[in-house]
Each structure stands twice: as C-alpha cells, then as structure tokens.
Amino acid sequence: MHKINRTTRSLRRLTLWLLAASPLLTACSKDPDLVVYVSLDMEFSAPLIAEFEAETGLKVRAEYDTEASKTVGLVRRIVEEAKNPRCDVFWNNEIAQTVNLAHLGHLTPYDSPVAADIPAEFRDPDRRWTGFGARARILIVNTELVPDPSEIDSMWDLLDPKWRGQACIARPLTGTTLTHAAALYLALGNERAEEYLGAIAKGQHLEPPVVNVASSNGQTARLVREGVLAFGWTDTDDFAVAKATGAPVIAVYPDQKPGPGGEPPLGTLLIPNTVCIPKGAPHLESAKRFVDWVLSRKMEERLAFSKSAQIPVRPDVPRPDSVRSDFVHMQISYVALGQQIANRTQRMQAMFLDQ
Amino acid sequence: MPTPRPALGVALAVLVLFGILPLAMMSTRLGVDPSALGLLGEPRILDLLGRTLLLGLGVVGLCLLLGVPFGYWIARTNVPGAGLWGALVWVPLCLPPLIMGMSWIEVWPHVRGAPMTIWILGLSYFPLVAAFVAKAARRVDRRQIDAAGTVGGWSAQWRMEWSLIAPAAFFGATLAFVFAINDFAVPDYVSSVGSKFNVYADEVFATWQAGQKDSRAIATALPLIAMTLGALWIALKLRRGGSLQSVGSGFQAPARMDLGPWRWLVLGGLLLILTASVFLPVGRLFYEAGLPVPIQAQTAVGQPPAAMIRPPWTLGHTWEAFQTALERCRDNLRASILLAFAAATVALPVAFLLAHAAARSRRGKWILFGSLLPLAAPAILFGIGQIVVWNHPLTQSFYTGDGLVIGMLLGRYLAFPVMALTSAIENLSPRLEEAAALVGTSPMQRMGRIVAPAVLPALAGSWTLVFVFAMRELDAAILVPAANKTVMFRLYNAVHFYRQDYVAALALVTLFVILIPGLLWTLFARRKMEVLT
C-alpha cells in the first residue's frame, strides 16, 4: 500500500509538472517582419531567403510545401486564410495556381519597377503576379535504352507503339504535369488534347501500359535515370538533378519542328516561377521589398546557376551553357491557363482516376 | 463511479475544440450545396471505392497471414529470442510505409500495382495483428488448453484457442484496414511502372485543389470517412472479445509449447517475416547512408569532361551522412520531438478522463465515437478545419505558434489513448473506486490514486502511441503554419533530391527517436506496455 501511495504521488507530481510545462512549449509565435509562402523546393530557396534576411535585416518566416503535396498545401492555405490573411508573399514554383488565385480574387496588384524588363507574356496585365526563372517541360531520355535519341523529338512519341511500356508521365492531378496537361488544351485544342491525354489515361491500366503513369516528375526522372524506363516527361530541374548523378541521360526539348502541313512547331512548354502578394498582406511594404528582390536580374542569374537550373525569362541574363533557352516555346496565354486550371483538374480526375 | 465533472468538462472541451469543431465547421460547407452528394453515385467513384475496399481487404488478409503465426509463436512457443522478436515487430509501424515501398521496389522491381501495394501495406501494419494475437494468446487459460487437448488432441486445442484469439487478430486487422484505405502515397508510388493502381484517397486529395467547389471536396470525403468509422466501430466491438476480455482471478497462464527441433524452423519463419518488414528496409537505409554522391573524374585541360563515378560504400561515409543529417536537421528533429512529446503528454490526462467517462458512464459510446471522428477524417480536411477554427485576429499568435500543432496532433490522435485507456479501465473493477469513495476520497483522488496506478501500462502505451503518430504526421501538418519545421516535413522535402546518403541517415535517426520511448520502457519498466486493448 505504501508503495502504491509513493507511485501515485510520483505520478501526480510528474503529471502536474508536465501539464505546467506544456504551456511553455505551446508558447505563441513571435511576429516576423515578413511571412513568405514558398513552393520552390526548400533545398534551393531556404539559403536565398537567408540571404535576403542578411541583406535587409528583416526577419522572414518562410513556410514551405512538400514535394508530395505540390502547391496544394500553400495555395489552399492562402484561400482559407483570406478572411484573416497572414501571408505577405507567395513564391510559387509554377504559374497556373498563381493565376487561379488571381482569378479567384485573392491577390493584390503590385507593379514592381524591377520587373520592367521581364517580357510581357510572363507578367499579369493587371500586375497581380509576375513570372521569372522558368522550368521547361522536357523529355528525359536514357541514352543506353534509346541509343539514337534523335528518334524521340515529339510529345507524340510517347504514344508510339514502339515505345509501349517504356515511356512515362507523372499523373497529371497536381503540380507542373497538371499545368502541362491544361496547357495542351490551349495549344492543341480540346479535341487533340483529349485524344493525347485520353490515350494515356485509357492505356494506364494495361500491362504493359501505353505510357507508365508515375507518382511525380522526380520519380519519372529517377526511373529513366536508373534505366527502368527509356524516356518520360519531366521538368528541367528534375533533369538537372538526375544528370548530376552521372546517369546517361539527355534532355530533349520536344516539338521543335514544323508540322507535316508546315504548321508552326508546337514548342516546349515553359513554366515560370511566379511571385505575388496576397490581398490584405499584413506587411505590405516588406512584401514589396521582397518581391523586388526576387524579381531582380541577379536572382534570375542565381537560379540559373543553381542546382535547379532555372531558365531566365529575360533574354540577356547570364546563364550556364547547360541552361538552354534557344528553343521554340509553346505559345499559350498563362492567364487563360490559370483560369481553366480548376476545370481541367476535374477533367484529369475523371480521366486518370477512372477506375 | 462518475468521472470528476470539472476535469471531464475540460477534457471534453479539448476534444471538441481540436478534434470535432474543425470537422463540424467543414461540414457546414456541405450544407450550402447538398447536390454535391450526387457525385457519389457516379460509376467512376463507385469503382474507385470498390477497389479501395478490395485493397483494404487484401491488406487485412496479409496482416492475418503474417501476424497470426508471428504473434502466436512469440507468445506461446519456446522459439529462441521470442522477447526480442516481440519488441522488433513494432519497428515497421514506426517506418513511413513509403520508405518500406522504396526498399521493396528495389528488391522486386517487376512486382507492381495492387499486389505490391498490398504487400507493402501488409508488411507495415501486420504488427498490429501480431501484437494483439500475442497478447490474446498469453491470456488463454492453461486449464482450457489442457481440456481441449485431452478431448481432441492438437487440432481441438488450436480450434479452441483460435476462437479466443480470433477477435484480437481481427481487431488488429481492422486497424490495418483503416490505415490501408487512407493511404494514397504507396499505391501511387509502387504503380509508377506498369498497370496503374488508383485508390479513392487519390480522389479525396485531388478535389482539394483551389478553385474546386468545397462542397464537392467534402462530399467526396464522406465515403472514406464512413468506411473508416465503420471499420473503427467494428474494431471497438472486437477489442473486448475472446481472451482480450478481463481474466478471472483464478487465471492460470498457459505454458509455452516445447517445439523441439521444430523451433528452429519457427525461428526461420519469424526471421523471414522480420527480414521482410524490418531488416530489409532498415538495412537498405543504412546501405544508402554509406553511398557517397557521384563525383566528376578529373581530366586533362581541353579534354571533354569524364563520366561521373560513384565511389563505393564505406562505413566512414555512413558516419559522415549521419553527421550531415544531424547538422542540417537538428532543429527539425528538436522541434518534432518537442511537439510530439507535448502532444503525447497533454493527450494523456485528457484521454484518461475521457476514457474513464467512456468506460463508466452510459453515454460512454458517444465519447468513444467523438474521439474516433477526427481519425476517420481525411488529413487534408482536418487540417483545413484547423485553419477555419483558429485563424482569427484574436487567436493569430496561437494559430502561428506551436500550440496549434500540438492541438492538431492531440485532436487527431486522441482516439488511440482513449481506446486503450477505456479498455484498461473497463478491466478494472469499479468496486475499487467505490471502496475508496466510501472512505471519503474525492473523485480526483480516486482517479489519481486508484485508477491511474492500476492502468499504468496502458497509460505508457497510450503516451507512446501518440508520440509515434505525432512524430510521423505529415499530411495534416502541411496546412498548419508551425508544423513546417518538423523532421517529417524536412525528410519528405529532401527525398526529392537524390541525396540518398543524408536522407537515409535522417530517416534512420528519426526512426530511432520514434523508438526511444518504447525502448526505455522495455529496458526499465517491469510491466509490459499495453497498447490499445
């Protein structure tokens, strides 16, 4: 009995102590000078944001997305927090969701003076967002499995029966693959885009599938890098990381040739980073300062020389030889793309989650 | 014996604020557009639900196949090292299933789709079956075993034992079902090559993209919530069945069966299962931690660059990888440990009070149901609900601070300690509390002096479960501001970059941290930890 009493007393003391300590652990956060939501991979963006802090003396609270959640986490938060905004700047590593946010009325205009030399196609006419440092949607090709890479030069090669079961695309439900799928509707028209994506979707359950449907662009690059698959759609940053491992891979910028009837080439899709200020941002002046900093020529150059090898959208910004920009871009309106993304998501769900 | 009312009120308030209110707020959005429910009748949705159900049943089958013999062997036979294998069997539950999937894809690259998904999720969750079977097998009365054996030999003995162990096995399998049907990362990952295997959880996640109707997203989540709640309800019914119910005062523990030379074969079986579920994934992580990144071979000036070469595995590099992981992610590890520690610690008194009320009051079922609800909701829905409840000017500091992370973890995982402690308190005779009441002790004194010491192993098990799941949490955490700094967040970000050495080392360090509470209890406590039953 004496022992039980002692145990009980110790237990009570421990519980009380822990309960008393808990509020200390739950201490509320200190207010930063700037809150930035960043979907550019943390490995790349965290050191840059630390630099901004050092340069300006501002205390930045950066919050990131994960690769798995793509931009769904941060975009959703901006939408949900709209009644009581806390995000000052959204640095998105793609464009469709940013345009969608503008379309839904969640962004505030800011005409950054630094962005004056950024080409008009990468700037919102109403100045609610600005694009910079882009990634291209390329085909990563394993040169050991495709000894003559010139055989692959078009998006339609994925559907060539010759390559059945050896090509790959990430499932177009999130991220840049969703953006890419939506862009195809604009570039090809509904009928041909449906034909292309429908063939992939319908064939995904066959064995072997018409085109393998991977979990992400990173996974696509990895499968090709490791020689499991011959080629697949991915982003230039994923290609750069795969290439850095020494794998026998090359990047093919697809659809550079005119069509059989002399039509202009479809081109390769460019997906720029975008930066924007959500409506009601609590630290507006600091937010503008950050936007100016991110949109600077210096930053585009930094991103081009970084491991993610982003393509500067300003033609005269220096870049390494490995960062190509001498290719035909897919001609689409990013504004239209972003406005359609919600509907396209539903269509992709219906096509790709069909059973 | 009633639960102390003011304290119970506080505990209920915590459950409502962090568990139920976020879901209630989200459900009001469905009310705006009830027509959204119409989409649930679409053939595509029904197909997805059907295959998700089949996936869950497949995982249940595999968990039973692996877990029943495993649990029985370690509990009832003289197989060498039974105690050690019984402790190791918890490791797969601490590993994120995706990491298990990455390992197995390397071993069986040609097995993909549904079979591989079932294999991975089965390996990840069979410990739930094994542990409960082991516990149930230890609680079969020796006299019953002897009687059955005398009457009908070995087969009659097994039939009798199985009838008592089966509820425990199915209880564990039902929990495995819950985890399996809510997972979308593993099916997506393992069917990246070959025939694609889509599940319903994919549909739920995809509908939360901005611009889509909230009512549609919430309606989409309802079937998964219903399936999960249904399974948890079955689990609650099973947890008190067979030999999991309280043992009588004259209980005689069963003797371990002497297998003779067969014990080596049984040992081989145990090691095979552990190799598949523990040694292989952990070994692969260890191997990857020691593989340096490729380097560029040096060439003469003017020559084209040489191919990259990958230096061989070394123990020295393994050590470096661990150092890098700790250097880069020390703060993330610290944050995760503190948050999980705080969530588990706050969960304990809250769950203790709720469980006492659940076990002793007529409305106990509703308390259990209320605590299960947050666990049944898709993580993304639960996370958005937290934003809706807490993002207001008055609660801004709390919203952006650690408090909300702890509250979110608490709300989501309170179901586990409530289930565990309810079961433990139900096993405790109310007469003890009545006797204490007669000598004038207050309700709080009875809780502290009579009930808590008697359910100490269940309290320890509950704390550990919340700690483990809090450390592993990612999906709901992506929506809560301060959860951005957790180690899981960092780990899943780093996986993307092929820095397999430091990522693997970080995964191992995280696994070790998750296992520490269980290890400490095993090493220093004299009583077995009780988890969930």
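This briefing covers the domains of chain A, a nonpolar core and one helix pair. The model is predicted: local features need pLDDT of at least 70, side-chain atom pairs count only at pLDDT 80 or more, and totals for chains, interfaces and linings use all residues. Residues are numbered from 1 along each chain as its sequence is written, and chains are lettered from A in the order in which they are written.

**Domains of chain A**
- Chain A is assigned domain 1 (34–134 + 272–323) and domain 2 (135–268 + 348–352), with bounds from an automatic or database domain assignment.
- The centres of these two domains of chain A, taken over C-alpha atoms, are 27 Å apart.
- Twelve residues of domain 1 of chain A are in contact with 14 residues of domain 2 of chain A (C-beta atoms, placed from the backbone, within 7 Å).

**Nonpolar core**
- The largest nonpolar core (buried Ala, Val, Leu, Ile, Met, Phe, Trp, Tyr and Cys residues joined through C-beta atoms within 7 Å; buried means 20 or more other C-beta atoms within 10 Å of the residue's own) has 291 residues.
- B:Cys63, B:Val129, B:Val133 and B:Ala343 have the most contacts inside this core.
- Beyond its neighbours within four places in sequence, B:Val129 is in contact with residues including B:Cys63, B:Gly67 and B:Ala173.

**Helix pair in chain A**
- Helices α4 (residues 96–103) and α11 (residues 334–352) of chain A (DSSP runs of H or I, at least four residues, numbered from the N terminus) pack at about 80 degrees, with axes 7 Å apart; axes are lines fitted to C-alpha atoms over the stretch in contact, and angles run from 0 to 180 degrees between N-to-C directions.
- α4(A) is therefore roughly perpendicular to α11(A) (65 to 115 degrees).

Key
Two residues are in contact if their C-beta atoms, placed from the backbone, lie within 7 Å. A residue is buried if 20 or more other C-beta atoms lie within 10 Å of its own, exposed if 12 or fewer, and partly exposed in between; C-beta atoms are placed from the backbone. Helices (H or I, at least four residues) and strands (E, at least two) are DSSP runs, numbered from the N terminus. Angles under 35 degrees count as roughly parallel, over 145 as roughly antiparallel, 65 to 115 as roughly perpendicular and the rest as oblique.
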